[in-house]
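User: I should like a close look at one part of the model shown here, after a brief point of orientation.

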Amino acid sequence: MHRGKGMKFVGDSRVSAERKPNIPKDYSEYPGKTEAFWPDFLLKEWLVGAVFLIGFLCLTIAHPSPLERIADPTDTGYIPLPDWYFLFLYQLLKYTYTSGPYNILGTVVIPGLAFGGLMLAPFIDRGPERRPSKRPFATGFMLLAFAAIFYLTWQAVDMHDWAAAEQQGKITKAVEVDKEAEGYKVYANQSCIGCHGENLEGKSGIGPALVGTGHTPEEVKEIATKGYKKMPANAFDGSDEDLDKLADFVSEMAKK
Ligand code: HEC
């Protein structure tokens, strides 16, 4: 097309006032420079996809997902942890002015401002500049967001009690508990069951499992009456006869 003469322009001289049909040419008009979508292009796509698929398959086989014990809805001591990419939002809820009575700040206002700002960015930062150094607001806020997300994620990892988390999710040996045993009846009627669970499996954050601890009957008697480390004293309240039955039963389970 010849330039200038005879052409009509709208405001921007790069845009011709005459509308041309917007239909792309057929690929056969570019011999040697394009390829057919089917099957050439799709075959390449499929090959790349297959490489990733097999790669992920190998990864999942090499690193099986870390399973914890079966979830227990009555267990109020369990401290859940979100996946790593949500850790920064999780961490935000631990500070004084974003938790408790200020929960709304940590859950709605601050994340809302951040994500709202992201959506408004194209309307606020409207200059023609494309270099990051010429767009101080956009670049500044982006760096600020990166720094905040990085810091909060790091803090969340640092603050989390990983040892306790491993303990609370541990898959403990399922042991057959004879609920008809005389010792079990004492156990169930005493306070023990409240902290050590119906099947002596323990309750996270409250009391450990009593299976396989290796305590002798004498030790159990002492623990039940005098307490043990963080366990309070006088947990047992009953006759000496019952205490014997309880101690025999618990130490029997302690051997398993
Ligand atoms: C208030 C909750 C609570 C009650 C009630 C309670 N325990 Fe415990 N028990 C604990 C805690 C917590 C520990 C772990 C103490 C520690 O290691 O710091 C524990 C530990 C034990 C241990 C030692 C376990 C080990 O890992 O070595 C035994 C045995 C035991 N308890 C038996 C009993 C018996 C028997 C009763 C009932 C008479 C009872 N407990 C009642 C909280 C409780």
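In which helix does Pro 39 lie? After that, please turn to the surroundings of the ligand: which residues are closest to it, and which helices each supply at least two residues of the shell?

Analyst: Pro 39 lies in helix 1, which covers residues 37-62. The model is predicted, and in it the peptide bond that joins Trp 38 and Pro 39 is cis, with omega at about 5°. The domain assignment gives domain 1 as residues 28-62, domain 2 as 84-159 and domain 3 as 182-254. For the first part of the chain, UniProt places the feature "transmembrane region" (unreviewed entry) at residues 46-63, with further such regions at 102-124 and 136-154. Over residues 46-63 the chain is 94% helix and 0% strand, and the end C-alpha atoms are 25 Å apart. Residues 136-154 are 100% helix and 0% strand, with end C-alpha atoms 26 Å apart.

The ligand takes us to a later part of the chain. A shell of 24 residues surrounds the ligand, and the closest are Cys 192, Cys 195, Lys 229, Lys 230 and Met 231. At least two residues of this shell come from each of helix 7 (192-196), helix 8 (217-226) and helix 9 (240-254). Helix 7 gives the most, with four residues. By type, the shell divides into 15 nonpolar, seven polar and two charged residues.

Two of the closest residues, Cys 192 and Cys 195, also appear in the database record. UniProt places the feature "binding site" (unreviewed entry) at Cys 192, Cys 195 and His 196. Cys 192 is in helix 7, and so is Cys 195, but their surroundings fall into separate classes. Cys 192 has 21 C-beta neighbours inside 10 Å and therefore counts as buried, since burial calls for 20 or more. Cys 195 has 15 other C-beta atoms within 10 Å, so it is partly exposed. If residues up to four places away in sequence are not counted, Cys 192 touches Tyr 187 and Ala 235. On the same terms, Cys 195 touches Lys 203, Ile 206 and Gly 207.

On the other side of helix 8 in sequence, the loop between helix 8 and helix 9 holds Lys 229, which is among the residues closest to the ligand. Lys 229 has 6 other C-beta atoms within 10 Å and is therefore exposed, the limit for that class being 12 or fewer. Its phi is near 45°, a positive value in a residue other than glycine. Asn 234 has its place in the loop between helix 8 and helix 9 as well. Asn 234 has a phi near 60°, again a positive value in a residue other than glycine. With 10 C-beta neighbours inside 10 Å, Asn 234 counts as exposed because of the same limit.

Tyr 187, a contact of Cys 192, leads from the shell to the largest nonpolar core. That core has 16 residues, and those touching the most other members are Tyr 187, Leu 246, Phe 249, Val 250 and Met 253. Helix 6 (182-189), helix 8 and helix 9 each supply at least two residues of this core. Helix 9 gives the most to it, with five residues. Helix 8 and helix 9 thus recur here, having each supplied at least two residues to the shell around the ligand.

Met 253 can serve as an example of how this core connects with the rest of the chain. Leaving aside its neighbours within four places in sequence, Met 253 is in contact with Val 175, Leu 200, Leu 210 and Val 211. Met 253 also lies 9.9 Å from Asp 178, C-alpha to C-alpha, although the two are 75 residues apart in sequence. Asp 178 has its place in the loop between helix 5 (162-169) and helix 6. Asp 178 is exposed, because 11 other C-beta atoms lie within 10 Å.

The record also has an entry that takes in this part of the chain. UniProt lists residues 178-254 for "domain: Cytochrome c" (unreviewed entry). This span is 49% helix and 0% strand, and its end C-alpha atoms lie 14 Å apart. In the domain assignment, domain 3 covers residues 182-254. The C-alpha centres of domain 2 and domain 3 lie 50 Å apart.

Technical notes: Residues are numbered from 1 along each chain as its sequence is written. This is a predicted model: local features need pLDDT of at least 70, side-chain atom pairs count only at pLDDT 80 or more; totals for chains, interfaces and linings use all residues. A residue is near a molecule or strand if its C-beta atom, placed from the backbone, lies within 6 Å of it. Ala, Val, Leu, Ile, Met, Phe, Trp, Tyr, Cys and Pro count as nonpolar, Asp, Glu, Lys and Arg as charged, and the others, Gly among them, as polar. Domain bounds come from an automatic or database domain assignment. A nonpolar core is a set of buried Ala, Val, Leu, Ile, Met, Phe, Trp, Tyr and Cys residues joined through C-beta atoms within 7 Å. Two residues are in contact if their C-beta atoms, placed from the backbone, lie within 7 Å. UniProt positions are given in the numbering used here, feature names are shortened, and annotations may be inferred rather than shown by experiment.
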